[in-house]
Amino acid sequence: TENETFFIDITEKKCPMTTVYVRAKLDAMTSGQTLEVRLHGTETRRNVGASVRALGHAILADSPVAGSPDLYFLSVKRR
């Protein structure tokens with residue numbers, strides 16, 4: 001459904017595969033659905049964010065995971 005939310009944990013993946021996993025998941029989704037991504041490292045955070053924006057999707061949230069150093073959470077709305 002349009003308001004459905006999916007989750008992917010790419011904390012164990014290394015760049016550039018992180019963007020590949022996120023893009024593949026987004027490609028399998030439909031417009032209006034949300035993807036929550038858990039990732040590791042500021043470089044991965046920057047690269048995935050840039051890739052998602054370049055594809056035209058909206059980042060709803062981009063924040064550190066509380067109590068977990070160098071882990072981040074992105075929430076992406078598929079366009």
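## A quick tour of a β-α-β-α-β-β chain

Residues 24 or more positions apart account for 65% of those contacts in the protein chain that have a separation of 6 or more. Keep in mind that what you're looking at is a predicted model. The protein chain contains 2 helices and 4 strands, and if you start at the N terminus and walk along, the elements come in the order β-α-β-α-β-β. Here's how the pieces fit together.

**Overall size and surface**

- Let's start with the size: the C-alpha trace of the protein chain spans about 35 × 25 × 20 Å along its principal axes.
- A compact globule with 79 residues would have a radius of gyration near 12 Å, and the protein chain has 12 Å, so the two agree.
- As for what's tucked away, 34% of the 79 residues count as buried.
- The accessible surface of the protein chain adds up to about 4,600 Å², and carbon and sulfur atoms own 50% of that.

**The sheet**

- If you trace the sheet from one side to the other, you'll meet its 4 strands in the order β1-β2-β4-β3. The sheet is open, and its pairing is mixed.
- β1 and β3 (58–64) sit at the edges with a single partner strand each, which means one side of each has no neighbour in the sheet.
- From one strand to the next, the twist averages 15°.
- Zoom in on β1 and β2 (residues 34–40): these two pair in the parallel sense, over 5 bridges. To spot one such link, find F6, whose bridge partner in β2 is L35.

**Helices on the sheet**

- α1 packs on the sheet, where it touches β1, β2 and β4 (71–77). The direction of α1 makes about 170° with that of β2.
- α2 (residues 42–54) packs on the sheet too, touching β2, β3 and β4. Here the angle to look for is with β3: the direction of α2 makes about 170° with the direction of that strand.

**Helix against helix**

- Two packed helices are described by the angle between their axes and the distance between the axes.
- For α1 and α2, that angle is about 35°, and the axes are 9 Å apart. Their crossing is right-handed.
- Want to see who's touching whom? On the α1 side, the contact is made by T18, T19, V22 and L26. On the α2 side, look for T44, N47, V48, S51 and V52.

**P16, next to a cis bond**

- P16 is found in the loop between β1 (5–9) and α1 (17–27).
- The peptide bond leading from C15 to P16 is cis, with omega near 5°.
- Is P16 buried or exposed? P16 has a relative accessible area of 59%, so it counts as exposed.
- You can also compare its position with S31, which is 15 residues away along the chain: the C-alpha atoms of P16 and S31 are separated by 25 Å.

**D70, with a positive phi**

- Now hop over to the loop between β3 and β4, where you'll find D70.
- The phi of D70 is near 70°, a positive value in a residue other than glycine.
- D70 has 34% relative accessibility, so this residue counts as partly exposed.

Key: Residues are numbered from 1 along each chain as its sequence is written. This is a predicted model: local features need pLDDT of at least 70, side-chain atom pairs count only at pLDDT 80 or more; totals for chains, interfaces and linings use all residues. Side-chain values use heavy atoms; hydrogens and water are left out. Buried means under 20% relative accessible area, exposed over 50%, partly exposed in between (1.4 Å probe, protein chains only). Two strands pair if DSSP finds at least two bridges between them. Axes are lines fitted to C-alpha atoms, for helices over the stretch in contact, and angles run from 0 to 180 degrees between N-to-C directions. Contact means heavy atoms within 4.5 Å. The radius of gyration is taken over C-alpha atoms; the globule rule is 2.2 Å times the number of residues to the power 0.38. Accessible areas come from the Shrake-Rupley method with a 1.4 Å probe; for residues, only the protein chains shown count as cover. A crossing is left-handed if the near helix is turned anticlockwise from the far one by less than a right angle, and right-handed if clockwise.
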